[in-house]
Amino acid sequence: RSRDHPASVSTTFMLAITTIAQRAPAVRDLLQVCALLRPDAIPEKIFRQGGEHLGAQLQAICGDALEWDRVLGVACAYSLLSRRPEEQTLSMHRLVQAVLLDTMTEAEQELWNRRIIAALGAVFPEMEYGAESAVWKQCEHLLPHVLLSLHRDGGTSESLTCAALDYKTASYLLQRGQLIEAEPLFQRALQIREQALGPEHPEA
């Protein structure tokens, strides 16, 4: 956590975050999303293809390639994010993550995590037996972020969106032969569907 580091370091990052939010308000939302994901190799497609689930400000920039590049340029100029264009991924220093998390209330973290789960659900591929290697690679890149977001949810969500992501993730893990990891996700997906739709519903 940022409180474990010198106050001057945390203050420097907070000043940068405040300044950047004034210049480009959408950047603050971008940083908060990244703070709740794994710090390394964050796929840009979470934003570019799932931006409609990440609030009005991010939705507005994620669908515009020039605006997306501009906003990322601002964040990178302040060293709050780093970008690998060739891999289309972002990274955030762990201390920046800690500072951002310290500034977010529990309610804000829950709100953003729900949005992130919806965005991940939109970009995580449907798994079919015999899927192409490209699909497996997409799942592999997204998996660490998916598992973290589902863990943050704590198994308390009753959202069908969360159930769908549980199921798709479990299906991928099953094809990888990770039965132990897949089973609780399948169980939670079933539990949420039964609670939301009723145990006799054909889609439960």
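**Core, helix packing and local backbone features**

In this predicted model, the largest nonpolar core contains 57 residues, and those touching the most other members are Leu30, Leu31, Phe47, Leu58 and Leu81. Helix 2, which runs over residues 25–35, supplies the largest share of this core, with 7 residues. In soluble globular proteins, nonpolar side chains tend to be buried together. The surroundings of Phe47 give a good view of this core at the level of single residues. With residues up to four places away in sequence left out, Phe47 touches Leu30, Val33, Cys34 and Ile42, and also Leu54, Leu58, Cys62, Trp68 and Leu90. Two of these partners, Leu30 and Leu58, are themselves listed among the core residues that touch the most other members.

It helps to place this core within the whole chain. The protein chain has 204 residues, of which 44% count as buried. Its secondary structure comprises 10 helices and 3 strands, arranged along the sequence as α-α-β-α-α-α-β-β-α-α-α-α-α. Among contacts between residues at least 6 apart in sequence, 67% join residues at least 24 apart.

Helix 2 also takes part in a helix–helix packing. Two packed helices are described by the angle between their axes and the distance between the axes. For helix 2 and helix 6, the angle is about 105° and the axes are 9 Å apart. Helix 2 is therefore roughly perpendicular to helix 6, since angles of 65 to 115 degrees fall in that class. On the helix 2 side the residues involved are Arg28, Leu31, Cys34 and Ala35, and these meet Gln97, Leu100, Leu101 and Thr103 of helix 6. Leu31 thus appears in this packing as well as among the core residues that touch the most other members. Cys34, in turn, meets helix 6 and is also touched by Phe47.

Another residue of helix 2 worth a look is Gln32. With a relative accessible area of 7%, Gln32 is buried, because the cut-off for that class is under 20%. Beyond its neighbours within four places in sequence, Gln32 is in contact with Met104 and Trp112.

Within helix 6, which spans residues 94–103, lies Val99. Its relative accessibility is 2%, so Val99 counts as buried. Val99 can also be related to two residues from much earlier in the sequence. The C-alpha atoms of Val99 and Ile17 are separated by 9.6 Å, although their positions lie 82 residues apart along the chain. For Thr11 and Val99, the C-alpha separation is 8.9 Å at a sequence distance of 88 residues. Thr11 belongs to helix 1, residues 7–23, and is partly exposed, with a relative accessible area of 41%.

A second helix pair is formed by helix 8 (residues 133–153) and helix 9, whose axes come within 10 Å and cross at roughly 130°. This angle makes helix 8 oblique to helix 9, and the crossing is left-handed. Helix 8 contributes Trp136, Cys139, Glu140, Leu143, Val146, Leu147, Leu150 and Asp153 to the contact, while helix 9 contributes Cys162, Leu165, Asp166, Thr169, Tyr172, Leu173 and Gln175.

The geometry of helix 9 itself is easy to check. Its 16 residues, 160–175, should span 22 Å at 1.5 Å a residue, and the end C-alpha atoms are 23 Å apart, so the two values agree. Many residues of helix 9 are named as buried, including Cys162, Leu165, Asp166, Thr169, Tyr172, Leu173 and Gln175, which also appear in the contact with helix 8. Ala163, Lys168, Ala170 and Ser171 are buried in helix 9 too. Just after this helix, Gly177 takes a positive phi of about 85°.

Positive phi values also occur in residues other than glycine. One of them is Ser79, where phi is near 60°; this residue sits in the loop between helix 5 (65–77) and strand 2 (82–84). Ser79 is exposed, with a relative accessible area of 53%. Gln88 is another, with phi near 55°, and its place is in the loop between strand 2 and strand 3 (89–91). At 55% relative accessibility, Gln88 likewise counts as exposed, the cut-off for that class being over 50%.

Note on methods: Residues are numbered from 1 along each chain as its sequence is written. This is a predicted model: local features need pLDDT of at least 70, side-chain atom pairs count only at pLDDT 80 or more; totals for chains, interfaces and linings use all residues. Side-chain values use heavy atoms; hydrogens and water are left out. Helices (H or I, at least four residues) and strands (E, at least two) are DSSP runs, numbered from the N terminus. Buried means under 20% relative accessible area, exposed over 50%, partly exposed in between (1.4 Å probe, protein chains only). The expected span of a helix is 1.5 Å times one less than its number of residues. A nonpolar core is a set of buried Ala, Val, Leu, Ile, Met, Phe, Trp, Tyr and Cys residues joined through side-chain atoms within 4.5 Å. Contact means heavy atoms within 4.5 Å. Axes are lines fitted to C-alpha atoms, for helices over the stretch in contact, and angles run from 0 to 180 degrees between N-to-C directions. Angles under 35 degrees count as roughly parallel, over 145 as roughly antiparallel, 65 to 115 as roughly perpendicular and the rest as oblique. A crossing is left-handed if the near helix is turned anticlockwise from the far one by less than a right angle, and right-handed if clockwise.
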